[in-house]
Amino acid sequence: MAARERLLVVGGDAAGMSAASQARRLRGPDELEIVAVERGHHASYSACGIPYFVGGVVEELDALVARTPAQFRERGIDLRLRTEAVEIDPGGGRVRIRSLDGGGERWEPYDQLVIATGAVPARPDLPGVDAKGVHGVQILDDGVAIRRAVEEGSPRRAVVVGGGYIGLEMAEAMVMRGLEVSLVDFADQPMRTLDPDMGAIVADAMRGIGVRLYLGEPVEGFDTSPDGHVTAVRTRNHTLPADLVVLGLGVRPASGLAEGAGIETGPTGGIVTDRRMRTRAERVWAAGDCVETRHLVSGAPVAIALGTHANKQGRVAGINIGGGYATFPGVVGTAVSKICRVEVARTGLNEAEAAAAGFETLSAAVESTTRAGYIPGAAAMTTKLIAERRSGRLLGAQIVGEENAAKRVDGLAIALWNGMTVEEMTGLDLGYAPPFAPVWDPVLVAARKAADAVERDMRSES
């Protein structure tokens, strides 16, 4: 009988546990021993749900947890919480791990290793950034700490630093908790992944729910009280009183453990893998927010921290470890978010990203409604398409609107994935009924307007 192999997974959230689960599905406990280590108090949870837990939309923490350690153990996966991997020895096929609850350190052997260390939040090197009351948002423990601070500390004023997805969602959470909220960003608009005209709509929506925006203002430091608690956020032009500060400055791949072992990382800082999620180190795989992947429109390497990608990449790694065959082709950068009533979506490239990738573009934006105008609840939405000059190939799309607006981006992502032109999109057979869309869906109207722009451009050159 062949010796039983040992799979060691470092990281117990989406990518790591998807890899472990898929490998177990294909290979039983007699063939493959699976051990997973996770430094936090929770595993297999929805980090994307943290703002909704903080805001009180989700009442119970357990609602964000997909599977408990006990449930994984029932499936033959030995998941160990509060256990941190501190060193990888690829040549020796082992990982040095440390118990964070006082159990010391030891080496764990592996035949196959999955690195799924996720991402770490950007934390500026500024005076006072480590003060009490300054919170990052990345793991479930962070959400627990912020909610406890809101419910037990009775803060009145919150300042969110950063105007990306997590910053805007946390600003909404603070508004829902009844706090006075200010948002600071060094850029001139929130949501820098959108074009400025679409970002301006988001800014207006934020002001509409009572958030004070301080845009184009880099943070210079954090004032503290004698007991070390944050009291204010200092920008270039203002000092904003704060009882609680949330850092929403984005994340970077947590690839330090891999780098320390000599495993290659790319220009994004993410671990380099092939399409099967193999690293350049023998018997070492990587998946999730710690890796870089390829943008299918620009062709450039990107690191995009999303649970959707992490689950898919973990699944691919697990299938391959289990003896099957699977690949992860890349991404087109689809993302959605919600700020109270306003939904935001984007896919592909914005105008600046397209220019950086070497494309010349034409754009078209249309204002419409989410339903037929005579149906109660019809709300405004703006749809913008970006197409390549001459070819008319769709390069990107953005949507800002109210209820039922954002998920229209899925159809646009499919068109983008399949290399459709905006002219081809004008004939798409989209679903129609008055409660769901106008007779001319905003996507079709935007496609027609973009196709007209491409045609006019071609005529002007002839």
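## The hairpin of strands 4 and 5

In this predicted model, Ile88 has Val95 in strand 5 as its bridge partner, and this pair belongs to an antiparallel pairing in which strand 4 (residues 83-89) and strand 5 (residues 94-99) are joined over 6 bridges. The two strands make a hairpin with 4 residues between them, and within that hairpin Gly93 takes a positive phi near 60 degrees.

Strand 5 also holds Arg96, whose surroundings can be followed residue by residue. Once its neighbours within four places in sequence are set aside, Arg96 is in contact with Glu84, Ala85, Val86 and Glu87, and also with Glu105, Arg106 and Trp107. Arg96 and Ala281, which are 185 residues apart in sequence, have C-alpha atoms 17 Å apart in space.

## The parallel sheet

Strands 9, 16, 10, 11 and 12 form an open sheet of 5 strands, arranged in the order 9-16-10-11-12, and the pairing is parallel. Strand 9 (134-135) and strand 12 (212-215) stand at the edges with a single partner strand each, so one side of each is left without a neighbour in the sheet. In a regular strand, side chains alternate between the two faces of the sheet.

Within this sheet, strand 11 (residues 180-185) runs parallel to strand 12 and is joined to it by 4 bridges; here Leu183 stands opposite Leu213 of strand 12. Helix 5 (residues 165-176) lies across strand 10 (157-161), strand 11 and strand 16 (244-247), and its direction makes an angle of about 165 degrees with strand 11.

## The hairpin of strands 13 and 14

A further hairpin is made by strand 13 and strand 14, with 5 residues between them, and Gly228 in its turn has a positive phi of about 90 degrees. The strands themselves, strand 13 (residues 219-224) and strand 14 (residues 230-235), pair in the antiparallel sense over 5 bridges, and one of the residues taking part is Asp223, whose bridge partner in strand 14 is Ala232.

## The antiparallel sheet

Another open sheet of 5 strands has the order 21-22-25-24-23, and its pairing is antiparallel. Its edge strands are strand 21 (335-339) and strand 23 (361-369), each of which pairs on one side only. From one strand to the next, the twist averages 10 degrees.

Strand 21 and strand 22 (residues 342-348) run antiparallel and are joined by 5 bridges, and in this pairing Ala335 has Arg346 of strand 22 as its bridge partner. Helix 5, which was described above with the parallel sheet, also lies across strand 21 and strand 22, running at about 25 degrees to strand 21. Helix 12 (residues 442-461) packs on the sheet as well, where it touches strand 23 and strand 24 (380-388) and makes an angle of about 150 degrees with the direction of strand 23.

## Domains listed in the record

UniProt, in an unreviewed entry, lists residues 6-303 as "domain: FAD/NAD(P)-binding". In the model this span is 23% helix and 30% strand, and its end C-alpha atoms lie 29 Å apart.

The unreviewed UniProt entry also lists residues 338-438, under "domain: Pyridine nucleotide-disulphide oxidoreductase dimerisation". The end C-alpha atoms of residues 338-438 lie 22 Å apart, and the span is 19% helix and 35% strand.

## Cavities and a pocket

Rolling a probe the size of a water molecule over the atoms shows where empty space is left. Over the whole structure, a search finds 3 cavities of 30 Å³ or more, and the largest cavity contains about 50 Å³ of space. The largest cavity is lined by Gly288, Val291, Glu292, Thr293, Val302, Ala303, Ile304, His309, Gln313 and Val331; sorted by class, this lining has 5 nonpolar, 4 polar and 1 charged residues.

The second largest pocket has a volume of about 300 Å³ and is lined by 16 residues, of which Arg408, Gly411, Leu430, Asp441 and Val443 lie nearest its centre. Helix 10 (residues 409-417) provides the largest share of this lining, with 4 residues, and by class the lining of the second largest pocket has 9 nonpolar, 4 polar and 3 charged residues.

Conventions
Residues numbered from 1 in each chain as written. Predicted model: local features only at pLDDT ≥ 70, side-chain atom pairs only at ≥ 80, totals over all residues. Heavy atoms only, no water. Pairing = 2+ DSSP bridges. Contact = heavy atoms within 4.5 Å. Axes fitted to C-alpha atoms, helices over the stretch in contact; angles between N-to-C directions. 1 Å grid on protein atoms, 1.4 Å probe; cavity = no way out; pocket = protein on both sides within 12 Å on 5 of 7 lines; lining within 4 Å. Points joined across faces, edges and corners; volume = space filled by probe spheres on them. Nonpolar A, V, L, I, M, F, W, Y, C, P; charged D, E, K, R; others polar. UniProt positions renumbered as here; feature names shortened; annotations may be inferred.
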